[in-house]
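Subject: Structure for you, with notes

Hi there,

Here is the structure I promised to pass on. Have a look at it first, and then my notes are underneath.

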Amino acid sequence: MAQRCYVPHMVKRFTKRNEGFCCLHCGGEVPAGSHGTIRNHCPSCLYSQHTDIDPGDRAATCRGLMTPVHAYYLSGTITLVHRCARCGFERENKIAQAPGVAPDDLPRVYALMRESAHTAPVR
Ligand SMILES: [Zn+2]
Ligand SMILES: [Zn+2]
């Protein structure tokens, strides 16, 4: 799939960065989050990138593509689980629902919840 914009692979170590980036999977632009949320996945295809050790620190050097493998609903919040295709690291992320910050594609999130309901490990 063609990248529409350039994704730098060597990024300096930042502390708590909240900025837009280009989706590694579909090449779409991912806007920065707002209201103190750290945006780390694509609103249209839900893929993420392994860039953080702690959310927002951009300290991971792996930079693998993180596939959305599971989604679940708990206490009014939908959480996505991403797994790194390169190293297997898993991370949970709340979906972006606030208006005005390119909210996540809900039909896609619901589809993932349905698909993963049968395959998800019991937590
Ligand atoms: Zn994408
Ligand atoms: Zn990784």
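Let me start with Cys42. Leaving aside residues up to four places away in sequence, Cys42 touches Cys23, His25, Cys26, Gly28, Val30 and Tyr47. Cys45 has some of that company too: beyond four places in sequence, Cys45 touches Cys23, His25 and Cys26. You will find Cys45 in the loop that runs between strand E2 (29-30) and E3.

Is Cys45 buried or exposed? Cys45 counts as buried because 20 other C-beta atoms lie within 10 Å, and 20 or more is the cut-off for that label. If you want a distance to check on screen, try Cys45 and Gly27: they are 18 residues apart in sequence, and their C-alpha atoms are 9.8 Å apart in space.

Both cysteines also turn up in the largest nonpolar core, which has 13 residues. The members that touch the most other members are Cys23, Val30, Cys42, Cys45, Leu46, Ala71 and Leu80. As general background, nonpolar side chains tend to be buried together in soluble globular proteins. Over the whole chain, buried residues make up 26% of the 123 residues.

Before you read too much into the details, please keep in mind that this is a predicted model. The average pLDDT of the chain is 80, and 72% of the residues score at least 70. The stretch to treat with care is residues 9-15, where pLDDT stays under 50; the model has 5 contacts beyond four places in sequence for that stretch. Where pLDDT is low, the predicted coordinates should not be read in detail.

Now for the overall layout. The chain has 1 helix and 6 strands, and along the sequence they follow the pattern β-β-β-β-β-β-α. Among contacts with a separation of 6 or more, 38% are between residues 24 or more positions apart.

Four of the strands make an open sheet in the order E3-E4-E5-E6, with antiparallel pairing. Its edge strands are E3 and E6 (90-94), each of which pairs on one side only. Going across the sheet:

- E3 (residues 48-49) pairs with E4 (residues 65-74) in the antiparallel sense over 2 bridges, and Gln49 has Leu65 in E4 as its bridge partner.
- E4 and E5 (residues 77-84) are also antiparallel, over 8 bridges. Here Tyr73 stands opposite Ile78, and Pro68 stands opposite His82.
- E4 and E5 form a hairpin with 2 residues between them. Ser75, in the turn, has a positive phi of about 50°.

One last residue to look at is Gly64, in the loop between E3 and E4. Which residues does Gly64 touch, not counting those up to four places away in sequence? They are His50, Cys84, Ala85, Arg86 and Cys87. With Cys87, the C-alpha separation is 7.4 Å, although Gly64 and Cys87 are 23 residues apart along the chain. Gly64 is partly exposed, because 18 other C-beta atoms lie within 10 Å, and that label covers counts between the 12 or fewer of an exposed residue and the 20 or more of a buried one.

Happy to go through any of this together on screen.

Best wishes

Methods. Residues numbered from 1 in each chain as written. Chains lettered and ligands numbered in written order. pLDDT = per-residue confidence, 0-100. Contact = placed C-beta atoms within 7 Å. Pairing = 2+ DSSP bridges. Core = buried A, V, L, I, M, F, W, Y, C linked by C-beta atoms within 7 Å.
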